[in-house]
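Please keep the viewer open while reading, and make each selection as it is named. The tour goes from one helix out to the whole assembly and then back to a single residue.

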There are 2 protein chains.
Amino acid sequence: MKMLFRNTKILCENENGFEIIDGSIGIDGDRIAFVGEAPEDISGYETVDGKGQLVMPGLINSHTHAYMTVFRNVADDLMFDDWLFGNIMPREDKLLPGDSYWGTMLGIGEMLKSGTTAFLDMYIFTDENVQAVEDSGIRAVMSRGLSGIRAGDEGGNRRLSEAVAEIKKWRSQGNGRITFMLAPHAPYSCAPDYIKEVLECARELNVGIHTHLAESRNEIKNIAETYGCTPVEYMERTGMFDLPTVAAHCVYLTDSDMDIFADKGVSIATNPVSNLKLANGIAPVKKYLDRGINVCLGTDGAASNNCLNMFRDLSFLTLLNKGVFEDPLAVSAEDGLRIATVNGAKALGLENTGSIKAGNKADLIFIDINRLNMFPHNNIISSLAYSANGSEVTRVMVDGKILMENGELKTVDEERVRFEVARIADRINN
Amino acid sequence: MKMLFRNTKILCENENGFEIIDGSIGIDGDRIAFVGEAPEDISGYETVDGKGQLVMPGLINSHTHAYMTVFRNVADDLMFDDWLFGNIMPREDKLLPGDSYWGTMLGIGEMLKSGTTAFLDMYIFTDENVQAVEDSGIRAVMSRGLSGIRAGDEGGNRRLSEAVAEIKKWRSQGNGRITFMLAPHAPYSCAPDYIKEVLECARELNVGIHTHLAESRNEIKNIAETYGCTPVEYMERTGMFDLPTVAAHCVYLTDSDMDIFADKGVSIATNPVSNLKLANGIAPVKKYLDRGINVCLGTDGAASNNCLNMFRDLSFLTLLNKGVFEDPLAVSAEDGLRIATVNGAKALGLENTGSIKAGNKADLIFIDINRLNMFPHNNIISSLAYSANGSEVTRVMVDGKILMENGELKTVDEERVRFEVARIADRINN
């Protein structure tokens, strides 16, 4: 399949940052064939007029729990313990095999509609989440959440061996669109010796690590009391950061924590909306950028956001840092776009994605820049961070395949998803 | 015109707060005729199936400068002085008669599409902004911005007399959909004696006051150095608060300022996105609510937001207060909805709007609650604050007239608006 979008605007990068060029973009199979000027011979290309559209890299949601859409809005405006122990966990106990497939599918549909082409997921059921990714055509890095209170912990061992088996199974039949990490859940749910077992498996499988880290003041306090160190130091001592690691949240890092991250190349997946929603606070992303840490962006799950719309998190990220640091230059629109695209690709180990150039994967989204809220075109890059809400996305392409066009999902059966998820919500709420 | 929406969900209020009822809502002329159960005789009513929709009060944007859409994204990621003096003001100088009409129309179109049915505007050209409101069918409280560095100041006097003439002219031909305030701009742009002249005119015209107050640390510092008081005390001394007043921003209030506001019944129009964008900080709305102050919500202008989408400001308002106070109950979804609807109606003096009950004005919006990001329906009220982005609005009605349906504006010519605003942007940017 070859497609040529003519007469369009394209968000590219040069050595000075982003630039918007006018011209054509060609797709050949799963790759971008050319950008800017079309070659003389365009035989075999289906040509589409791209007027009034901006083509940009798909956004990369670098931390979410897609299946949790089934818990959207169930437990808002509550204290954390009541939220987690009184509402979310009792409902998780009621989930049956298959539920997680539909919850993930709802999350994927929502992400596609709002311009996300790849995500890093953490979940509690094997296979069915991956199956939803496989069926939908979206790109994802999948990671089973792992907790274990000691080495040899029975539940922890079972989860780890299930995760390893899942990775081996899917790898053997995969097309490269689905990759994996292992996800020791958090310092407070994983003992050091258990983490070391996970890391050993990760080394054998040659996969990276996905974890929650330094999310709340409570976590900082508890780890300090029990281990006399910060959550980052706790993980550092296990050797985690010798593997490629994505650490979600990182609301509270010390200067020395930041040094460790910068030194070890750990990526931070910041989740500005979730951190506000759960009243954890505001991550000082400006500081992390100043240190040269690779920061990427995630929505977290729908139970703590409550939507999987990366454009919303992009606006929160950029605007919050200006307001908190009282510095309008703190995190610029360009910084935000880089965090939501190319930095995410780097963190997730997704080669040849996250930016537009010939030879890269055709993971692209098309933005209707003539929406009234995007008009006039005084500064299109700025409008992506400060004016867009995600509903401007008119077309989404992953691996060169169109997965959404004019609001219509091509691979996700919306009616069926609604039917199944309503059924699940009925059951777990009663 | 009589319309009956059957089989729908309706956001109403009872003595305990909001509730969602299932049933019908009837519109007769500019009023809500019935809510819940339809009367036996519905002859003359055009009946529409409302399945999958939530009918709720239109949002009330309690502080904006609609014409400033022409400056959207022109000067982002800049220090305040460079933003205002280097970029916004030089462009304002290039505006010609008529430009403000199209800028306002773009803002109105954007507000209608994202669910705003009424707004409080402050502007710098007379008549043409009001004309845009008149032509579009939206509800608005219009206020010419007034500045004067002393009593008898020539420019200040001219602006005031133009504003008075504008109010008299439009009142004589108006239908009640357009009302007025006078808008002494801010403490730093209006001398006390000039404000007193404005207040005198407001008393004669029987209109309220719209002003900017306590927006930035700089303002607090400068007023303290020059007058030895807070901006609120400065205005209090002029007698301003003896008139109904809407004070925009109020990022920095002392405890004693809050006492004055509570005592005098001053309304605060909070603008969370604008305050972040311009790096002014975060208004402690939770404190204001605890004091019993009437808080309403505004987007501010597109130059400092950069969109006029009340659903976005609603999510920032509720989420920011949780994060800043590290309290997930700080400003709840219900608090936010009240702030964005009924509190706005109270602040703007809009009787019989802001809530749904028989006899009230039919200023209504319809929300597609089956969008994936609003699903499942675990808690619809919560989804309005935390999951919606404004694109779920499928129908907007003001005074019982449908102004937007399925994304199509009925009274605003979108193509023409884009054409005219692009022309204006070209001129003022070059």
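## A helix in chain B

Begin by selecting α11(B), where 15 of the 16 residues are buried, so that this helix is largely enclosed by the rest of the structure. Bear in mind from here on that the model is a predicted one. From its first C-alpha to its last, α11(B) reaches 22 Å, which is close to the 22 Å expected at 1.5 Å a residue. Step just past the end of α11(B) to B:E326, whose phi is positive, at about 50°.

## The interface between the chains

Next, colour the two chains separately and select the residues where they meet: 55 residues of chain B and 55 residues of chain A take part in the contact. On the side of chain B that touches chain A, two or more residues come from each of α2 (99–113), α9 (272–277), α11 (310–325), α14 (380–386) and α15 (414–429) of chain B, so α11 (310–325), the helix selected at the start, is included in that list. Which element gives the most to this side of chain B? The answer is α15(B), with six residues. If the selection is coloured by class, the side of chain B that touches chain A shows 24 nonpolar, 19 polar and 12 charged residues.

Now superpose the copies: a turn of 180°, with a shift of 0.0 Å along the axis, lays chain B on chain A with an RMSD of 0.0 Å. The two copies are therefore related as by a two-fold rotation axis. The same surface serves both copies, in that 100% of the contact residues of chain B recur in chain A.

## Chain A as a whole

Hide chain B for the moment and show chain A as a cartoon, in which 15 helices and 17 strands make up the secondary structure. The C-alpha trace of chain A spans about 65 × 45 × 45 Å along its principal axes. Its radius of gyration is 21 Å, which agrees with the value near 22 Å that a compact globule of 430 residues would have. Buried residues account for 60% of the 430 residues in chain A, and among contacts in chain A with a separation of 6 or more, 74% join residues 24 or more positions apart.

## Two domains

Colour chain A by its domain assignment, with domain 1 as 2–57 + 353–409 and domain 2 as 59–348. The centres of domain 1 of chain A and domain 2 of chain A, taken over C-alpha atoms, are 28 Å apart, and the contact takes 25 residues from domain 1 of chain A and 26 residues from domain 2 of chain A. Select β2 (17–28), α14 (380–386), β15 (393–398) and β16 (401–405) of chain A, each of which supplies at least two residues of the side of domain 1 of chain A that touches domain 2 of chain A. The largest share of that side, five residues, comes from α14(A). By class, the side of domain 1 of chain A that touches domain 2 of chain A divides into 14 nonpolar, eight polar and three charged residues.

## A serine to finish

Within helix α14 of chain A, pick A:S382, and bring chain B back into view. Is A:S382 buried or exposed? With 22 C-beta neighbours inside 10 Å, A:S382 counts as buried. Leaving aside residues up to four places away in sequence, A:S382 touches A:A333, B:N73 and B:D76. As a last distance, the C-alpha atoms of A:S382 and A:G336 are separated by 9.8 Å, although the two residues are 46 residues apart along the chain.

Conventions
Residues numbered from 1 in each chain as written. Chains lettered and ligands numbered in written order. Predicted model: local features only at pLDDT ≥ 70, side-chain atom pairs only at ≥ 80, totals over all residues. Least-squares fit on C-alpha atoms with pLDDT ≥ 70 in both. Contact = placed C-beta atoms within 7 Å. Domains from an automatic or database assignment. Helix = DSSP H or I, 4+ residues; strand = E, 2+ residues; numbered from the N terminus. Nonpolar A, V, L, I, M, F, W, Y, C, P; charged D, E, K, R; others polar. Rg over C-alpha atoms; globule rule 2.2 N^0.38 Å. Buried ≥ 20, exposed ≤ 12 C-beta atoms within 10 Å, placed from the backbone. Expected span 1.5 Å × (residues − 1).
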